[in-house]
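Good morning, everyone, and thank you for making the time. I would like to walk slowly through one protein chain with you, so please have the display open while I talk.

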Amino acid sequence: MRAFRRPVSVIAALGAAALLLTACGPVTTADPTSTVQSSTDSATSSTRPPAADAIPAGLEKFYKQKLKWTKCDEALECAKITVPMDYSKPEGETMTLAMNKLPGKDAQGSLLVNPGGPGGSGLDLVKDAGTTLFGQDLQRSFDIVGFDPRGVGSSTPVKCETAAEQDASRQEEFDTSTDAGLAILRKASATYAAQCAQRTGPSLGFVDTKSAARDLDVMRALLGDKQLNYLGYSYGTYLGAHYAELFPHNVGRLVLDGALDPTLSDPEITMDQAVGFENEIRAYMQDCLDSGNCPFTGNLEEALTQLRGVLDGVERTPMLATDGRKVPINDFMNGFILPLYNNDSWFALTEALRNVIAGNVDDIQFFADLAAGREEDGSYPSNGNAAFSAINCLDYPMNPSIEAMRAQERELIAAAPVFGKYTAFGAIGCQDWKYPPTGNPGVLKAAGAAPIVVVGTTGDPATPYKWAEALAEQLDSAVLVTFKGHGHTAYGRSNECISNAVESYLIDGKVPADGLTC
């Protein structure tokens, strides 16, 4: 799980760390012809969905446990609950889930929120951005509830590397142009996988998305809501769509912003994201040239050639930051793409690249630290990268043959000349994972669910707009709302039209017109 981390992540803002996908590329592979099925919940998958608000057989003690809120911050309350590690064996070992709540003055119920990842912390989302991200009317109308999904943060966590080991991993270099270099990368990834298995224990095999979706239903019940109200960003749309498929009659008001297409295979996901970021790089570069204050010159193609020269230089000779840490190309690329999540941050990327050309990589390193969750003191309080790896290795099968990866690399470079090569070889990351995948991609219909609002951004590099179109087409009750703009996700960072559409639905149940464009 080393090297470049491909993004499908949380809300794009420099004030919040965005989780980036892994390992010189994708950790999301799958067979698009397969049906959605998981060994951990085959009983639910093979039978009719439970009736609204019904307690699944054998899970009564989890659905009827007491939810105890305690004050944990000036404005927040916190609680922990217990869920089965393996839903097919509810009498077996358990996991702990951490929740927090921003109480609403006139709350009509709870609104659960997920920032994406996988591996993003809902606790951090509500704590750090709850009063600014969500509209005042929304805060007043709901108890806004954050949670760390299984494997993440303050819930029963995935544990892989120490802070020192993470620092060391980020400075490793791998020459993927040779089979010998790929073998070295695989050995490093195998070591990482072994660390995760040893330090996490058996819960590492049960952090899949479908199990997390079943956890959502336990939380819904304990919050006292007959139906789930939910706002999910990026990967959070994947989690929300799986909930709707498993519990369609328990769907209340769901908003899925920055959607993933659940039918895509790993090569398709990788290609779409490579092209998405390539397009965003082009848009950023043209904006930079038009500003008259750009460190690159000439027309767009000439400027992109200059940018490739910068990246090639870092690839040949990693830069050293002021604190003495090396910034090899993989970490450099993580820092480079973070400001692309939000076009309001393009100016910061311009200054960072200007400094790189002048020989100073500190700004890029700062962005890379932000993406990795590293604090100024060298600590990594978030386990987002570890959780990301674990969840994706369970959710998607991998095809790590050298021939397949080499062929994909050629296709990526042809489709995305600047960005594509840095997204190849991700399948190596799960090759030696202890627990085999339990998920497969497939169509999610959520037949019988209440209306679901899917939001897509036309210039979203991390979750391309066509994914929102695809999810809205698959879900029986979905409507599609479009934000015409750049950056990752829309609600909370776009415009009043999006805010009104989302909040009118969540608060008043007013379903936006299908095809609304903002």
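I will begin with the whole chain, then turn to the sheet, one helix, and finally some aromatic rings.

Please keep in mind throughout that what you see is a predicted model. The protein chain has 518 residues, and 61% of them count as buried. Along the chain there are 17 helices and twelve strands. If we take the contacts between residues at least 6 apart in sequence, 76% of them join residues that are at least 24 apart. The accessible surface comes to about 18,900 Å², and carbon and sulfur atoms account for 50% of that area.

Let us now look at the sheet. Ten strands form an open sheet with mixed pairing, and if you read across it the order is β1-β2-β3-β5-β4-β6-β7-β10-β11-β12. At the edges are β1, residues 70-71, and β12, residues 516-517, each of which pairs on one side only. Within the sheet, strand β3, residues 94-102, runs antiparallel to strand β5, residues 143-148, and five bridges join the two. For one position to find on your display, look at K101, which stands opposite V145 in β5.

From the sheet I move to a helix. How many of the eleven residues of helix α13 are buried? The helix spans residues 362-372 and is mostly covered, with eight of its residues buried; among them are I364, F367 and L370, and also Q365 and D369. What covers these buried residues of α13 includes the helices α5 (163-170), α11 (329-337), α12 (346-357) and α14 (384-395), together with the strand β9 (326-327). Just after α13 comes G373, whose phi is positive, near 80°.

My last topic is the aromatic rings. A pair of aromatic rings is described by the distance of the centres and the angle of the planes. In this model the count comes to seven aromatic pairs. One of them is formed by F277 and Y341, an edge-to-face pair with 5.9 Å from centre to centre and 65° between the planes. Because F277 lies in helix α9, residues 266-291, while Y341 sits in the loop between α11 and α12, this pair ties together parts that are 64 residues apart in sequence. Are these two residues, F277 and Y341, buried or exposed? Both F277 and Y341 are buried. Elsewhere on your display, you can look for Y235, Y238 and Y396, which ring pairs link into a cluster.

Note on methods: Residues are numbered from 1 along each chain as its sequence is written. This is a predicted model: local features need pLDDT of at least 70, side-chain atom pairs count only at pLDDT 80 or more; totals for chains, interfaces and linings use all residues. Side-chain values use heavy atoms; hydrogens and water are left out. Helices (H or I, at least four residues) and strands (E, at least two) are DSSP runs, numbered from the N terminus. Buried means under 20% relative accessible area, exposed over 50%, partly exposed in between (1.4 Å probe, protein chains only). Contact means heavy atoms within 4.5 Å. Accessible areas come from the Shrake-Rupley method with a 1.4 Å probe; for residues, only the protein chains shown count as cover. Two strands pair if DSSP finds at least two bridges between them. Rings of Phe, Tyr and Trp (its six-membered ring) pair if their centres lie within 6.5 Å; planes under 30 degrees apart count as stacked, over 60 as edge-to-face and the rest as tilted.
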